[in-house]
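Subject: Structure handover

Hi,

Here is the structure I promised you. Please load it before reading on.

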Amino acid sequence: MHLNNQKKTKITDQELSDIIEKHSNKLYSIVYRMIDNHDDIMDILQETFYKTYKSIDNFHGNSSLFTYMVSIAINETRQYIRKKKKTLFADINIDDEVLLSSRYPSIEENIIKRNNAEKLNNAIKKLPEKYREIIILKDIEGMKIKEITEILSISVQAVKTRIHRGRLFLRELTENNIERM
Amino acid sequence: MKECEHFKKLLCDYLDGELSKEQCAEFEKHIDNCTNCDEIINNLKDIIDECKNQGTLTIPEHMKMSLKTYIKEKIRIKGE
């Protein structure tokens, strides 16, 4: 959603609901993978949407509203982690819904899927924050490099370097044993 | 080994499809002949595939509803 340079005076309740409806899954997914407490996730999302609302009149559309919101969510998450002064990671319990595809995989395939998901999530928890962010944005959420440069306010080269190091880090942490399906 | 160092720098560009046709062909020629680089590439491909399999999580409906209520209430209280 691009608001561009439209001179708007705040937004209606319906527009606000539409923004939450459209973007809450992605924002929830990103924050959930960074921290482990539902109450805190809720606080971060509330702050993200409220700040978005407050600044929406000044939003110039240099980036999409979505990348703008992700950058707020990432900053709020970083502040949260600093405030806690300890590293908090999501102990992700992947729901069956997430793991099971509609083609009814065999029991063996399900075990491999669960093992892979567990290995990967345990490894992601151990990644340093800047690599965890980049892996979540690029490889899990599938965002484009240009979008990530806007979200993290770093150059294309810096994004590429972090992706490169993050993946190699992840490879070490998974001990090269993500099984092929 | 020196050759490997050169190609290791290009790993992610290769995986993300950012190499030119010529660079890609050169890269693939190298991994065809280098078990070490081939293994790294395969490990990384598996990791990236697994990341993709994770996908976007869905916010619980009650959280989404609470979010909408909270923001609207906060706006109302602050008179914005």
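Below are notes on confidence, the core and the interface.

This is a predicted model: local features need pLDDT of at least 70, side-chain atom pairs count only at pLDDT 80 or more, and totals for chains, interfaces and linings use all residues. Residues are numbered from 1 along each chain as its sequence is written, while chains are lettered from A and ligands numbered from 1 in the order in which they are written.

Confidence. Chain A averages a pLDDT (the predictor's confidence in each residue, from 0 to 100) of 80. In chain A, 72% of the residues score at least 70. Residues 1-8 of chain A stay under 50. So does the stretch 87-104 of chain A, with pLDDT below 50. Where pLDDT is low, the predicted coordinates should not be read in detail.

Core. The largest nonpolar core (buried Ala, Val, Leu, Ile, Met, Phe, Trp, Tyr and Cys joined through C-beta atoms within 7 Å; buried means 20 or more other C-beta atoms within 10 Å) has 44 residues. L27(A), V31(A) and L45(A) are among those with the most contacts inside it. Helix α1 of chain A (a DSSP run of H or I, at least four residues), residues 13-34, gives the most, with seven residues.

Interface. Contact means C-beta atoms, placed from the backbone, within 7 Å. By that criterion, 27 residues of chain B touch 36 residues of chain A. On the chain B side, α5(B) gives the most, with ten residues. L45(A) touches L67(B), as well as L27(A), Y28(A) and V31(A), not counting residues up to four places away in sequence.

Best wishes

Methods
A residue is buried if 20 or more other C-beta atoms lie within 10 Å of its own, exposed if 12 or fewer, and partly exposed in between; C-beta atoms are placed from the backbone. Helices (H or I, at least four residues) and strands (E, at least two) are DSSP runs, numbered from the N terminus. Two residues are in contact if their C-beta atoms, placed from the backbone, lie within 7 Å.
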